[in-house]
Amino acid sequence: MQPPRVALLAMKAGRICGYGVARQCREGFKVGPLFADDTETALRLLAALADMMRGTLHIDVPVANADFTAALRAAGLSPGFSTTRMYRGGVPANAQARVFGITTLELG
């Protein structure tokens, strides 16, 4: 992929430990999905995506990743709005701790 869409992959010990996608949106670029094994990998992927994209970056971070959110705030990012995720029938059994940027609010 090339701008206005870029996808990056992080590898560790010969296995995928994260990936992220950035795409052009109405104003700047939207990052998502951003999935990683840990906060450090997610931050590296986000930094690499930011280096490739020029302009405002938008990312929707789940509340489960407070450390990641704190690191983003320390780096100068600020929240634009917040949403509440709600479920009917129970919370799905997925690895929410590995989701650092949702694909899109429309898809989750």
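Which pattern does the chain follow when you read along the sequence? Colour the model by secondary structure and trace it from the start: you should get β-β-β-α-β-α-β. That comes to two helices and five strands. Keep in mind as you click around that this is a predicted model.

**Stop 1: the whole chain**

Zoom out and show just the C-alpha trace. Along its principal axes, the trace spans about 40 × 35 × 25 Å. The chain has 108 residues and a radius of gyration of 14 Å, which agrees with the value near 13 Å that a compact globule would have. Now think about who touches whom: of the contacts with a separation of 6 or more, 58% are between residues 24 or more positions apart.

**Stop 2: the surface**

Switch on the surface. About 7300 Å² of the chain is accessible, and carbon and sulfur atoms account for 55% of that. Next, colour the charged side chains: there are 12 positive and 8 negative ones, and the centres of the two sets lie 5 Å apart. Hide the surface again to look for the buried residues, which make up 29% of the chain.

**Stop 3: the nonpolar core**

Select Val-31, Leu-34, Ala-42, Leu-46, Ile-59, Phe-68 and Phe-100. These have the most contacts inside the largest nonpolar core, a set of 17 residues. Strand E1 (5–12), strand E2 (15–24), E3, H1 and helix H2 (66–74) each supply at least two residues of this core.

Now centre on Ile-59. Setting aside residues up to four places away in sequence, Ile-59 touches Val-31, Leu-34, Leu-46, Phe-68, Leu-72, Phe-100 and Gly-101.

**Stop 4: Phe-29**

Jump to strand E3, residues 29–36, where you'll find Phe-29. Is Phe-29 buried or exposed? Its relative accessibility is 9%, so Phe-29 counts as buried, since the cut-off for buried is under 20%. Show what's around it: leaving out residues up to four places away in sequence, Phe-29 touches Pro-4, Arg-23, Gln-24, Met-53, Arg-54, Thr-56, Leu-57 and His-58. For a distance check, pick the C-alpha atoms of Phe-29 and Pro-62: they are separated by 18 Å, with the two positions 33 residues apart along the chain counted as their spacing.

**Stop 5: Thr-41**

Last stop: helix H1, residues 39–52, which holds Thr-41. With a relative accessible area of 3%, Thr-41 is buried. Which residues does Thr-41 touch, not counting those up to four places away in sequence? Select Ala-10, Cys-17, Gly-18 and Ala-36 to see them.

Definitions and conventions. Residues numbered from 1 in each chain as written. Predicted model: local features only at pLDDT ≥ 70, side-chain atom pairs only at ≥ 80, totals over all residues. Heavy atoms only, no water. Helix = DSSP H or I, 4+ residues; strand = E, 2+ residues; numbered from the N terminus. Rg over C-alpha atoms; globule rule 2.2 N^0.38 Å. Buried < 20%, exposed > 50% of the residue type's maximum accessible area, 1.4 Å probe, protein only. Contact = heavy atoms within 4.5 Å. Areas by Shrake-Rupley, 256 points an atom, 1.4 Å probe, with all protein chains shown as cover. Lys, Arg positive; Asp, Glu negative; His and termini not counted. Charge placed at Lys NZ, Arg CZ, Asp CG, Glu CD. Core = buried A, V, L, I, M, F, W, Y, C linked by side-chain atoms within 4.5 Å.
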